[in-house]
Amino acid sequence: MSKRIMIIDDEKIVGDMAKISLEEEGYEVETFLNAEPALKRLRETQFDVVVTDLKMKGIDGLEVLRTVKKLYPDTKVIMITAFADLDVAIDAIKGDVFDFFPKPVRIKELKESISKAVAGTE
Amino acid sequence: MFLLFVAVLVAALIASRSVSRKILGPIKQIERLAKSISAGNFKKIETPIPKDEFGQVINAINSMSEELEQREEELIQSKKLASIGVLVAGVAHELNNPVNNISMIAQTYDDMYEKLSVEQRIEFMRRIDQESERIKQIVNSLLDFARPKEPKLREIDINSLILKSLVLVQNTLNVSSIETRLDLAENLPPLFVDENQIQQVFVNLFLNAAQAMAIEGRLFVSSRLTEKEDVVEIAIRDTGKGIPPEYLPHVFDPFFSTKEEGGTGLGLSVSYSIIKNHDGHVRVESRPGIGTTFTIQLPVTQTRKETNEQTDHDH
C-alpha cells in the first residue's frame, strides 16, 4: 500500500514541484492551496504525512498541526515556512511537529525527512 | 520745593528705566526662549548672563534646552531604526517565497530532467521567469518607498486620470463582477500633479477595494471641489469587509497587512508618500461589514502664472 502524503502551501509551485519528486518515489500525493479544503479532505481519509506551510491566509499551519494530531495521532506533520521565527519554531516543536524546514527548501532533505516519517508509521 | 519735586521725579524716571532693563529685560528674554523651545527650536540665551537670580534661571533653561534637543534627536533616531527594522524584516519575508519557488523549480529540473516532457521543461522556465518578475516588483516597491521620486508636475484634469486608472483595473473588477459608480464633479480646476504617481495611487486603491470585496461588490468613486475652493477631494469607497477600528491607525504602515491581500504590503505606504509629496492628504474611514472609504485631498495650485515662474526658476 502506497504511503499517502498531503502538501498544504498557498504557493502553488511548492505543491507542484514536491508532487513530481515524491510521486517518483512511489508516494501518493495530494496538494492543497488552503487549509480548509485540506482539513476537509483529512476528515474523509487518513494520510501518513502532512507537509504544511506555517503562515497562510485563514487557518494557519499551527492550527493544521493541532487538528491533524487530534484526528490521527500517528500521522507525522512536517512544517515548511518562509517566516522562520524562533518563537514559532518553538511553538511547532511543542505542538509535536516531526520536522521543520525554513524556505528555501531543499527537496532532497524534504524527501529524506518524509521517508523517516513514514518508516515510523509501519 | 518745586525743584526738589522735579529732581525726585527725574531720579524716579532714571531708576525705573534701570529697573526695566534689569528685570523686565531678562523676563522678556526668558519668555521668548520658552516659546521658541515649545515650537521645537532649541535655542539658548547667549547674551552675557547676569550674575543674579535671573542668571540662574537662564542657565537652567539653557541646559534644559540642550537636553531636550538631544533627547529629541535620540527619539527620532530610534524611531527611524525601528521603522527600518520592520521594513527589512518585511522585505526579507516577502522575498523568501519567490526565491523558494525558483529554487524548487530548479532543483526539480535538475533532478528529474530526463523524466520531464519538453512541455514541462518549458513550463518550468516560464514559471521561473514569472517568479523573477515578482521579485522585481517587490524590489521596485521597496525603492519607491525608500526614495519617493520627485514628482514631475504637469497640469492635468483629475477626472480624466480617474477614468484612465479605472480602465487599467477593469479586468480585475469584471472578474469579481464589481459594479463601478462614478460621481465626478464637472468643471474641476486642473491640478498640478505627477500623472504617473497619482495614477499609481488610484490603481492601488482600486485594487485594494476590489480585494476587500468578494463578489458583486460596488465601487464608488467621486470627485469634488471643497467649499474653500483650494482643495479637490477624491473619495474611493467599497462595500467590502471593512477594517477593524484597532487597525485603522496602522493602515498606511509598511507591511501592515492582514495577509488577506496579495501584493507586497507596501502599496498603501507608497501611496501615502506620494500624496504627501504632492502636499495633499489621505485618510481612511471604515466600518467592518459595511465598507471602507479612502479620501484623497490634493491642493489646487494658485495661479498658472505663479507656477510657470516657479518651473522656470527650477530650470
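# Exercises on a two-chain predicted model

From the N terminus on, the elements of chain A run β-α-β-α-β-α-β-α-β-α. This is a predicted model, in which local features need pLDDT of at least 70, side-chain atom pairs count only at pLDDT 80 or more, and totals for chains, interfaces and linings use all residues. Residues are numbered from 1 along each chain as its sequence is written, chains are lettered from A and ligands numbered from 1 in the order in which they are written, and side-chain values use heavy atoms, with hydrogens and water left out.

## Exercise 1: the two chains

Task: State how many helices and strands chain A and chain B hold, and describe their burial, contacts and surface.

Solution.

Step 1. Helices (H or I, at least four residues) and strands (E, at least two) are DSSP runs, numbered from the N terminus. Chain A has 5 helices and 5 strands. Chain B has 7 helices and 7 strands, in the pattern α-α-α-β-α-β-β-α-β-β-α-β-β-α along the sequence.

Step 2. Buried means under 20% relative accessible area, exposed over 50%, and partly exposed in between (1.4 Å probe, protein chains only). In chain A, 52% of the 122 residues count as buried. In chain B, 35% of the 315 residues count as buried.

Step 3. A contact means heavy atoms within 4.5 Å. Take the contacts between residues at least 6 apart in sequence: in chain A, 63% of them join residues at least 24 apart, and in chain B, 70% of them do.

Step 4. Accessible areas come from the Shrake-Rupley method with a 1.4 Å probe; for residues, only the protein chains shown count as cover. The accessible surface of chain A is about 5,900 Å², with 50% belonging to carbon and sulfur atoms. For chain B the accessible surface is about 20,000 Å², with 56% belonging to carbon and sulfur atoms.

## Exercise 2: salt bridges

Task: Find the salt bridge of Glu28(A) and say which parts of chain A the pair ties together.

Solution.

Step 1. A salt bridge is a side-chain nitrogen of Lys or Arg within 4 Å of a carboxyl oxygen of Asp or Glu. The side chain of Glu28(A) forms one with Arg4(A), at 3.5 Å from N to O. Glu28(A) lies in strand β2 (residues 28-32) of chain A and Arg4(A) in strand β1 (residues 4-8) of chain A, so the pair ties together parts that are 24 residues apart in sequence.

Step 2. Glu28(A) is partly exposed, at 41% relative accessible area, whereas Arg4(A) is buried, at 13%.

Step 3. Both residues belong to a network of salt bridges that links Arg4(A), Glu28(A), Glu30(A), Arg41(A) and Glu44(A). Over all chains the structure holds 27 salt bridges.

Step 4. Chain B offers further examples. Glu179(B) and Arg181(B) meet at 2.6 Å, N to O; Glu179(B) is partly exposed at 38%, and Arg181(B) is partly exposed at 37%. Glu227(B) and Arg224(B) meet at 3.7 Å, N to O; Glu227(B) is exposed at 72%, and Arg224(B) is partly exposed at 36%.

## Exercise 3: two residues and their contacts

Task: Decide whether Ser21(A) is buried or exposed, and list what Ser21(A) touches; then do likewise for Thr226(B).

Solution.

Step 1. Ser21(A) sits in helix α1 (residues 12-24) of chain A. With a relative accessible area of 1%, Ser21(A) is buried.

Step 2. Not counting residues up to four places away in sequence, Ser21(A) touches Ile107(A) and Lys111(A), and also Thr108(B) and Met112(B).

Step 3. Thr226(B) is in the loop between β4 (218-225) and β5 (231-238) of chain B, and at 13% relative accessibility counts as buried. Apart from neighbours within four places in sequence, Thr226(B) is in contact with Val231(B) and Glu233(B).

## Exercise 4: a nonpolar patch

Task: Name the residues of the nonpolar surface patch that includes Val6(B).

Solution.

Step 1. Patches are made of residues with over 30% relative accessible area and no salt bridge: like charges are joined within 9 Å, nonpolar side chains (Val, Leu, Ile, Met, Phe, Trp, Tyr) within 5 Å.

Step 2. The patch is formed by Phe2(B), Phe5(B), Val6(B), Leu9(B), Val10(B) and Ile14(B), which together have about 600 Å² of accessible area.

Step 3. Val6(B) is in helix α1 (residues 2-38) of chain B and is partly exposed, at 32% relative accessible area.
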